[in-house]
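Me: I should like to go through one protein model by question and answer. Please set out the reasoning before each result.

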Amino acid sequence: PRSGESLNAAALVWSKAPVIVGAHDTGPLIRSKDGFWLAIPTPAAGRGLRGGRITPGEWERRRGLRLRFVYRRRGPSLLVADGRLNNRGLGVASRSKTGRGRSTVPIFLLVPQVKLAKRLNLARDADRAQATVPGLIVANWVEAKL
């Protein structure tokens, strides 16, 4: 009710991001859309538009460098750029004619799939909250009657 006390109290619990909450509750396996690789940016990749994650295509377009695929038998494969790291730790083109400071910088890690860690247990928390409700109702009801 809008005012006063009631024994017929009800509550609605909701979220603006039910898919994200569900993913943290179940711990799903994430794969790429087309079945190839998931590109995970390293700190040398920098940030994308509006501070979001950057994609390999967007990185190539913004930096003017081509990314090269490096297969590794153990561990994730890489997308690397033949350039240098600037003083902010971002991969950029090397302007040196002699090649001084030039290095191969890993920009993206490529993995076929990622298993998201299970961070929530909503069923356990809901059962705990549900078990305490009758005691709270009785405690408030008895105090109101006295």
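Me: Which element supplies the largest share of the lining of the second largest pocket?

Reply: This is a predicted model, in which local features need pLDDT of at least 70 and side-chain atom pairs count only at pLDDT 80 or more, whereas totals for chains, interfaces and linings use all residues. Residues are numbered from 1 along each chain as its sequence is written, and side-chain values use heavy atoms, with hydrogens and water left out. A pocket is an open set of points on a 1 Å grid over the protein atoms alone where a 1.4 Å probe fits, with protein on both sides within 12 Å along at least five of seven lines, and its lining residues have an atom within 4 Å of a point. With strands taken as DSSP runs (E, at least two residues; helices are H or I, at least four) numbered from the N terminus, both β1 (29–31) and β2 (38–41) give at least two lining residues, and the largest share, three residues, belongs to β2.

Me: How do the residues of that lining divide into nonpolar, polar and charged?

Reply: The lining of the second largest pocket consists of Ile30, Arg31, Leu38, Ala39, Ile40, Arg53, Val114 and Leu116. Ala, Val, Leu, Ile, Met, Phe, Trp, Tyr, Cys and Pro count as nonpolar, Asp, Glu, Lys and Arg as charged, and the others, Gly among them, as polar. The lining therefore divides into six nonpolar, no polar and two charged residues.

Me: How much space lies in the second largest pocket?

Reply: Rolling a probe the size of a water molecule over the atoms shows where empty space is left. Grid points are joined across faces, edges and corners, and the volume is the space filled by probe spheres set on the points. For the second largest pocket this comes to about 220 Å³.

Me: Is Val114, one of the lining residues, buried, partly exposed or exposed?

Reply: Val114 sits in strand β7 (residues 113–115). Not counting residues up to four places away in sequence, Val114 touches Pro28, Leu29, Ile30, Leu38 and Ile40, where contact means heavy atoms within 4.5 Å. Leu38 is 76 residues away in sequence, yet 8.2 Å away in space, C-alpha to C-alpha. Buried means under 20% relative accessible area and exposed over 50% (1.4 Å probe, protein chains only), with partly exposed in between, so Val114, at 29%, is partly exposed.

Me: Which strand supplies the largest share of the largest nonpolar core?

Reply: A nonpolar core is a set of buried Ala, Val, Leu, Ile, Met, Phe, Trp, Tyr and Cys residues joined through side-chain atoms within 4.5 Å. The largest has twelve residues: Ala44, Ala45, Ile54, Trp59, Leu65, Leu67, Leu79, Ala81, Val105, Ile107, Phe108 and Leu110. β4 and β6 (103–111) each supply at least two residues of this core, and the largest share, four residues, comes from β6.

Me: What is the relative accessible area of Val80?

Reply: Val80 belongs to strand β4. Beyond four places in sequence, the contacts of Val80 include Leu67, Val105 and Ile107. The C-alpha atoms of Val80 and Thr104 are 6.3 Å apart, with their positions 24 residues apart along the chain. Val80 is buried, because its relative accessible area is 3%.

Me: Why does Ser77 count as buried?

Reply: Ser77 lies in strand β4 (residues 77–85). Its contacts beyond four places in sequence include Trp37, Phe69, Tyr71 and Phe108. Ser77 counts as buried because its relative accessibility is 2%.

Me: How far apart are the C-alpha atoms of Thr42 and Pro106?

Reply: Thr42 is placed in the loop between β2 and α2 (56–63), and is buried at a relative accessible area of 16%. Leaving aside neighbours within four places in sequence, Thr42 contacts Pro106, Ile107, Phe108 and Leu109. Thr42 and Pro106 are 64 residues apart along the chain, and their C-alpha atoms are separated by 7.3 Å.
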